[in-house]
Every structure is written in C-alpha cells, then in structure tokens.
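Let's take a walk through this structure together, one neighbourhood at a time. Keep the viewer open as you read.

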Amino acid sequence: MKLASLSIAALLASSAATVAQAQDVPAPAPIPTPDQDTPLSVDVSNTAAKDLVIAIPAMPTSQTVDTPAGPTDQLGTKLAQVVEDDLRNTGLFKTRGPSASRGIAYSEVAAPNYGSWNGNQAIIQGYVRANGNGSLTVGCYLYDVLLQSELVRQGFVVSPGDWRRAAHKCADAVYSKLTGEGPYFDSQVVYVAETGPKNKRRKQLAIMDQDGANHRFLTNGQSIVLTPRMSPKQNAIVYMSYTQRKPAIYVYDMASRQNRLLVSNVSLSFAPRFSPDGRNILFSMAQAGNTDVYRVATAGGEPQRLTSSPGIDTGGSYSPDGSKIVFESDRGGTQQLYVMNADGSNQHRISFGGGRYATPVWSPRGDLIAFTRTGGGAFRIGVMNPSGGGEKLLTNSWGDEAPSWSPNGRVLMFFRSAQGSGRPDLWSVDLTGTNARRIPTPLDGSDPSWGPIRP
C-alpha cells in the first residue's frame, strides 16, 4: 500500500478536507534568524557520544475517535514512540520520547512554543486525525529550537492498520534531513525463523518490519528453507528449500502467497539472489562435481553458466547498476572474494586479508561490499571497497554471518550465534561498528534479507 503525502498546513486548516492523491509538500520559508548558529546536522561517521537532543512529544488529535487501531489520542502516543525508537536505534541522537516530554495541544503542532523546549536542539511534533472515509491523517514536523525554524513538514494518509508506516516515514524524513543520508526505517526484512533442537531445526520463511513489528510467517516449516532474498520490487522472494529432501530453488509470490519451482533436478543448488532489475536470479549449482555461479531468468528457463574454474564458486551478488558480480571461490586454495563482469568475464580476486571470506553482498550505494570473514574459529562481519581496499571489520563476536544491507547502505543486518548454542539471532550494526543491537523476533532467526524502502 502506498502512503499519500499531503500538505499539513492545509490539513490543519480544515479537519474535513480530503485529498485524492499524493503530492509533494513544498518547503516553507525559514524564519529569519541572523547571527545564529548553523542549522542542525549530524555526522554519521562520528563515533563520539551522541549529543543532538530531540524531544518527541505525543502527537495530539483534533478529536478522539475510535478506529480499528485504537482511539486516535492513544495512537498519537504510539506514533511518537515509534518515531523515537527509530531515531534512538541509530545511535546518533539523544531522544526524549512521549514519556519524557510534555504534552502539546493540537493548535501547537504548527506553532511550537520554542521557549518551553530549552535543553533540546530539535522537536518533532505531529498530529493524528481520523478522516470520514475511515483513513487516518498523520502529520510530522521537525523544528530547530535554537533557530526557531521549521526543517521538515510532511503528512500521510494511511489505513488504520498502517499507522506504524506513517511513523517510520516521519522518522525517515527527520533522519534524512539531519544526516543527509537516505531513508531506511519504512522497510521490511525477510528471514529464516528457526526453532527446535540443534540437530533437528524447524526452518520457515518469515517477514517483518525492520524493527521487528508486524511479524508473520510465510511458510509452514514442513520443508527446510534457506537463504531467502527479497526482490527489488518487493513482490517476490527467492529461496532454497529441501522439499522431499531434494534441494531446489523456489520463488514465493507476495500477492498470491504461492510458491513456484524455479530450479530443480540438480545435485545441489543454493544462494539465490535477484538482479537489480529483478529480471534474473543468480544462484550456485553443482554439476559433475564442480560448483559454479549461474544466472536464470526470474520467469524460468535454461540457466546460463557464468563461472567454470575448478572448485566451489558461490554467493553471487550484483553491483547496483547490474554491471558486475561479486562472489566467493576457493579456486586459489582458500575461500576468497572475486569480482567479475555480469557476463562472467574479467574474473579477479579482491580479498587478501587473513582468514577466509564468504557471503559477499554489494552495497545499494555501490561503494562497499559486505562479507563474513572467518579466522581463529570466529565469524565476523566486515566491509571493503569493490577493488578490495579499505577493509574494516565491524563486529567482534564469535559467530556473526550473512550480512544484508539497509536500503540506504548505512546499516547491516546479520545473524549471530553464541558458541555451541546452535541458536541464531538477528542483529544490526552501522558502518562505524559502534552501534550493534539485537533485532527482536518471536523465534530464533538467520539469513536476513533487508528489502528496499516501501512505496
């Protein structure tokens, strides 16, 4: 479902207004404040203690109305809490959410009382209103307290069931304004939900919002599933499954909730991943004792072989423009990372550090490749540039594997297993390596795939 973006000024002026379609909100003229400091901003590469304080009071309502998601006055508090959680979890801000901020009146949303917010650098104010057609309108403002100026104004019309998406969109707008980075909060993650004893795990596909909310299972767990990957258009998931104990690659259609067999009748096939345009799928297949990277049309057909060296080639991931592929291979004696053109030409090694390298994935910005590095019995998450330089390890735990990029290329999600436990959990870490946190899931979780920003 698409969220409609509306003019908040017009919406506040008339509670009965309805809007037929989304439109961009023009930026209001800033209030002149000569001889003041520069506008607020945050350096995402700064690993020092966060020092930008943002107050996020509960979002008032023009009139309390019962909705399928709850009364609008209670939704206002929940909306503000989700915005606070999103921004706090970045590790970049000191947030004061609805429980730590004074309440504001509906009339105050577009006319903040700056003097009452001393000690805060910024305020996020908003509102929630029930519309006559059953939808909700959610408004979002960001204000600079020192400059007494409006930095962001956005509005969204959503169904009551999508109220969290409006909160994520609000947080995205604030984050992008203050950091200069792209948004990532209004996105979803597909992963493998696991349960059961270590030697007999039940594994099924699951999907959730990036913060762990709105969780649901996509398969029933009767067949083992591995390495799910979301399509660029978010309309399908490709994954490996052992149905009747035979490895095969399936495509799950999000609209119909049906599975379609893509590749079968091979001794082993694994690690599927979509091309940036969604038309092709990379995967690895073992034939006659040799494992290579193949490409097959998403609609199906005859796979095209892209590598042919002796050994095991697997883990293909396209560059954002679709021109190159990074993959892993043990052709040189140890598991290392290689890059080739999309047609399989110009294959060359890029990893030369100690240990072994696996699960490479290209950043959506194209500037980095994330990977799992193994050495000394430990698995760690790292990044390097596409030519192999600038390698940096971001985690220092025992069992961190399978990174997946956020839509803006600033955060990685992966799974972590405690030594000897056989029980993985989902975690995220930013590119500074200083903000690692566990992602809540109802069961154990592995093999995350972070999807694009939702439309």
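In the hairpin of strands E15 and E16, 2 residues sit between the strands, and Ala288 takes a positive phi near 55 degrees. Keep in mind as you look at this turn that the model is predicted. On either side of the turn, Gln287 has Asn290 of E16 as its bridge partner. From there, E15 (residues 280-287) and E16 (residues 290-297) run alongside each other in the antiparallel sense, paired over 8 bridges. Strand E15 is mostly covered, with 6 of its 8 residues buried.

The hairpin also carries a ring pair. Phe283 counts as buried because its relative accessible area is 1%, under the 20% cut-off. Tyr294, at 8% relative accessibility, is buried too. The ring centres of Phe283 and Tyr294 are 5.8 Å apart and their planes meet at 25 degrees, so this pair is stacked. With Phe283 in E15 and Tyr294 in E16, the pair links parts of the chain that are 11 residues apart.

Now turn to the open sheet of 4 strands, whose order is E10-E11-E12-E13 with antiparallel pairing. Its edges are strand E10 (224-230) and strand E13 (258-263), each of which pairs on one side only. On average, neighbouring strands of this sheet are turned by 30 degrees against each other, direction ignored. At one edge, E10 is joined to strand E11 (residues 236-243) by 5 bridges, and these two strands run antiparallel. If you would like a residue to click on, try Val225, whose bridge partner in E11 is Ser241.

How many aromatic pairs does the structure hold? There are 11 of them. One, formed by Tyr239 and Tyr250, is stacked, with 6.0 Å centre to centre and 20 degrees between the planes. Because Tyr239 lies in E11 and Tyr250 in strand E12 (residues 246-253), this pair ties together parts that are 11 residues apart in sequence. Tyr239 is buried, with a relative accessible area of 4%, and Tyr250 is buried as well, at 16%. Elsewhere, ring pairs link Tyr175, Tyr184, Phe185 and Trp450 into a cluster.

Tyr175 turns up again among the contacts of Glu181, a residue in the loop between helix H3 and strand E7 (187-195). Is Glu181 buried or exposed? It is buried, because its relative accessible area of 13% falls under the 20% cut-off. Its side chain makes a polar contact with the side chain of Arg365 at 2.7 Å. Leaving aside residues up to four places away in sequence, Glu181 touches Val44, Tyr175, Ser176, Arg365, Asn408 and Arg410.

Helix H2 is our last stop. H2 (residues 72-89) has 18 residues and reaches 26 Å from its first C-alpha to its last, close to the 26 Å expected at 1.5 Å a residue. Its buried residues include Leu75, Leu79, Val82, Val83 and Leu87. An α-helix has 3.6 residues a turn, so residues three or four places apart point the same way. Thr72, Gly76, Ala80, Glu84 and Asp86 are also among the buried residues of H2. What do the buried residues of H2 pack against? Their partners are strand E2 (52-55), strand E3 (93-96), strand E4 (122-130), strand E5 (136-144) and helix H3 (163-179). H2 is followed by Gly91, which has a positive phi, near 75 degrees.

Terms used. Residues are numbered from 1 along each chain as its sequence is written. This is a predicted model: local features need pLDDT of at least 70, side-chain atom pairs count only at pLDDT 80 or more; totals for chains, interfaces and linings use all residues. Side-chain values use heavy atoms; hydrogens and water are left out. The expected span of a helix is 1.5 Å times one less than its number of residues. Buried means under 20% relative accessible area, exposed over 50%, partly exposed in between (1.4 Å probe, protein chains only). Contact means heavy atoms within 4.5 Å. Two strands pair if DSSP finds at least two bridges between them. Axes are lines fitted to C-alpha atoms, for helices over the stretch in contact, and angles run from 0 to 180 degrees between N-to-C directions. A polar contact is a pair of N or O atoms within 3.5 Å; within protein, one must be able to donate a hydrogen and the other to accept it, and residues adjacent in sequence count only if both atoms are side-chain atoms. Rings of Phe, Tyr and Trp (its six-membered ring) pair if their centres lie within 6.5 Å; planes under 30 degrees apart count as stacked, over 60 as edge-to-face and the rest as tilted.
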